[in-house]
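These are my notes on a few things I looked up, taken in the order in which I came to them. I began with how the helices pack and then turned to aromatic rings and a pocket.

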Amino acid sequence: MAGFSSPTYWRLVSEGKSNLSRVSMNRMISAMGLAGFDADYFKALVNFCNAKGDDAKMPYWKEMRQIAKTCCNEISAADVSKSLEFLTKAGFLKKGADGSYCQTEKNVTASKEGLAYAVHSMQRQMLRLASESIERFEPQDRSVSSVTLTVNRECYERIAQEIDAFRKKIVAMASETEDADQIYHLNMQLFPMTWKLKKDEEA
């Protein structure tokens, strides 16, 4: 698939007895179906192996570490490519001449019509990531807290309004941020822990 005439060439490369050239490296990337940061990592790996001496290897070592650290949640390059393609077609992202992407809008709000299932699916995924963040990140890099309350309907409505106002304030703060260097996700949940007591049970 990579167009090599020798059937043993790839085995020699795998055993460290031969190196990939720039041309054969690109052939392997195409044959393995690599894209995005998977392809970038493979290129850095090949260049690292081909470099002579520690000083020459160091830039590629740093590049590999940076690629591995950028996306803290596991996702394949194919999924990233599909997401970028969809977001670009939908008008949420714009691709620059240099191949980079930028947002067309700072804030995007989901409509209430026809998107309930998609929004609910996303919320479930974000709740899963929030749960995993407790073990994945140090306390100083995340903010996770909870409180259990006793309320009535009037109090619930007041709290819900405060949460909505707080969410809008956070969005405004993020919109004003220049030179952002990281992506965070904020979940806010207020949900019942019991069914509502009937009047004859309140006594």
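I started with helix 2, which passes helix 3 in a right-handed crossing; I keep in mind throughout that the model is a predicted one. For the geometry of this packing I noted an angle of about 145 degrees, with the axes of helix 2 (residues 22–32) and helix 3 lying 11 Å apart. I then listed the residues that meet, and found M25, N26, M28, I29 and M32 on the side of helix 2, facing A39, F42, K43 and V46 of helix 3. Sorted by class, the residues of this contact come to seven nonpolar, one polar and one charged.

Next I searched the whole structure for aromatic pairs, and the search returned one. The pair consists of F48 and W61, whose ring centres are 6.2 Å apart and whose planes stand at 40 degrees, so I entered the pair as tilted. Because F48 lies in helix 3 and W61 in helix 4 (residues 54–70), the pair ties together parts that are 13 residues apart in sequence.

Last, I looked at the second largest pocket, which holds about 160 Å³ of space. Which helices each supply at least two residues of its lining? I found helix 1 (9–14) and helix 3 (36–50) to do so, with the largest share, five residues, coming from helix 3. The lining includes W10, V13, F42, L45 and V46, and by class the lining has seven nonpolar, four polar and no charged residues. I noted that F42 and V46, listed here in the lining, also appear in the contact of helix 3 with helix 2.

Terms used: Residues numbered from 1 in each chain as written. Predicted model: local features only at pLDDT ≥ 70, side-chain atom pairs only at ≥ 80, totals over all residues. Heavy atoms only, no water. 1 Å grid on protein atoms, 1.4 Å probe; cavity = no way out; pocket = protein on both sides within 12 Å on 5 of 7 lines; lining within 4 Å. Points joined across faces, edges and corners; volume = space filled by probe spheres on them. Helix = DSSP H or I, 4+ residues; strand = E, 2+ residues; numbered from the N terminus. Nonpolar A, V, L, I, M, F, W, Y, C, P; charged D, E, K, R; others polar. Axes fitted to C-alpha atoms, helices over the stretch in contact; angles between N-to-C directions. Left-handed = near helix turned anticlockwise from the far one by under 90°. Contact = heavy atoms within 4.5 Å. Phe/Tyr/Trp six-rings, centres within 6.5 Å; stacked < 30°, edge-to-face > 60°.
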